[in-house]
Amino acid sequence: MEDLINSHAGLVAQIATAIAGRLPRYVSQCDLVGWGTLGLIDAARRFDPAKSSFTTFAKYRIRGAILDGLRLEDPVSRYDRKLFQRANRAIAQLSINLGRQPDEDEAALAIGLPLSEWQDLRTRFGRAGLIADPTKPHVGSDQLPGGFPDAFETALCAERRSMFDRAIATLPRRYRAVILLYYRCDLTMKEIGTRLGVNESRVSQIHHAALGRLMQELGSQPDT
């Protein structure tokens, strides 16, 4: 087991670096490497040579461990993030309606929270360093939700996209073309048929078959 861990330490750094490039700057790459190393150790313990190569198996365990670490280390809960995003949208709309920035009572009423809960929520984000001034009665345009991306969600979405791309790559050429044209290029079945030189009904058949293969391929990939 020790030999597997030592010989694949570079894989942890490689995956951590790739994930770090998609995350907010406040996330430490050292933390990613630490979590990934735990995933590598877990992979070495669980590895079954009869099922896959160690490198393939370890990649999924390393990524999974990093995602778990990001989820646990998030300075605020996912529920609070969603609530704060909803609050920002409500306050922004209220500001437009009033023609000015609302005071604390008006903001809390628009959000649908008691004033004390809105103040507590804003304080938690301030302590986490996700808003500049938690004492302000509103959130400025420079502090909208896009200013404090959820590291776990960012990494998870990127990982799902990567898994989907790998699954698409296994499809036959025409199946792959239909999926990409439909979901990535937003073409209709009729437009795709024109491009491929087949009728709309045939495109629909290919699309259905391609989805079946994708589900099978995604289901066969190791769990993270």
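**Exercise 1. In which helix is the place of His207, and what surrounds this residue?**

Solution. The model is a predicted one, and the first step is to locate the residue along the chain: His207 has its place in helix 11, which covers residues 200-220. The second step is to judge its exposure, and since buried means under 20% relative accessible area, His207, with a relative accessibility of 11%, counts as buried. The third step is to list its partners: once neighbours within four places in sequence are left aside, His207 is in contact with Val178, Ile179, Tyr182, Tyr183 and Met189.

**Exercise 2. Describe how helix 9 and helix 10 pack, and state which residues make the contact.**

Solution. Two packed helices are described by the angle between their axes and the distance between the axes. For helix 9 (residues 173-184) and helix 10 (residues 189-196), the angle is about 140° and the axes are 10 Å apart. Angles over 145 degrees would count as roughly antiparallel and those from 65 to 115 as roughly perpendicular, so helix 9 is oblique to helix 10. As to handedness, helix 9 passes helix 10 in a right-handed crossing. On the side of helix 9 the contact is made by Arg174, Ala177, Val178, Leu181 and Tyr182, and on the side of helix 10 by Met189, Ile192, Arg195 and Leu196. Sorted by class, the residues of this contact comprise seven nonpolar, no polar and two charged. Returning to His207, its contacts include Val178 and Tyr182 as well as Met189, and these residues also take part in the contact of helix 9 with helix 10.

**Exercise 3. Carry out the corresponding analysis for helix 2 and helix 3.**

Solution. Helix 2 spans residues 9-20 and helix 3 spans residues 29-46; they pack at an angle of about 135°, and their axes are 9 Å apart. The two helices are therefore oblique to each other, and helix 2 passes helix 3 in a right-handed crossing. Helix 2 contributes Ala9, Val12, Ala13, Ala16, Thr17, Ile19 and Ala20 to the contact, while helix 3 contributes Gln29, Leu32, Val33, Gly36, Thr37 and Leu40. Divided by class, the residues of this contact are nine nonpolar, four polar and no charged.

**Exercise 4. How many aromatic pairs does a search of the whole structure find, and how are their rings arranged?**

Solution. The search finds two aromatic pairs. In one of them, Phe47 and Phe54 lie 5.2 Å apart from centre to centre with 80° between the planes, an edge-to-face arrangement. In the other, Phe47 and Phe57 form a tilted pair, with 6.3 Å centre to centre and 40° between the planes. Phe47 lies in the loop between helix 3 and helix 4 (54-73) whereas Phe57 lies in helix 4, so this pair ties together parts that are 10 residues apart in sequence. Taken as a group, Phe47, Phe54 and Phe57 are linked by ring pairs into a cluster.

**Exercise 5. Which of these ring residues are buried or partly exposed, and where does Ser52 stand in relation to them?**

Solution. Phe47, with a relative accessible area of 21%, is partly exposed. Phe54 counts as buried at 6% relative accessibility, and Phe57, at 13%, counts as buried too. Ser52 is found in the loop between helix 3 and helix 4, and its relative accessibility of 27% makes it partly exposed. With neighbours within four places in sequence left aside, Ser52 is in contact with Phe47 and Phe57, which are the partners in the tilted pair.

Terms used
Residues numbered from 1 in each chain as written. Predicted model: local features only at pLDDT ≥ 70, side-chain atom pairs only at ≥ 80, totals over all residues. Heavy atoms only, no water. Axes fitted to C-alpha atoms, helices over the stretch in contact; angles between N-to-C directions. Helix = DSSP H or I, 4+ residues; strand = E, 2+ residues; numbered from the N terminus. Parallel < 35°, antiparallel > 145°, perpendicular 65-115°, else oblique. Left-handed = near helix turned anticlockwise from the far one by under 90°. Contact = heavy atoms within 4.5 Å. Nonpolar A, V, L, I, M, F, W, Y, C, P; charged D, E, K, R; others polar. Phe/Tyr/Trp six-rings, centres within 6.5 Å; stacked < 30°, edge-to-face > 60°. Buried < 20%, exposed > 50% of the residue type's maximum accessible area, 1.4 Å probe, protein only.
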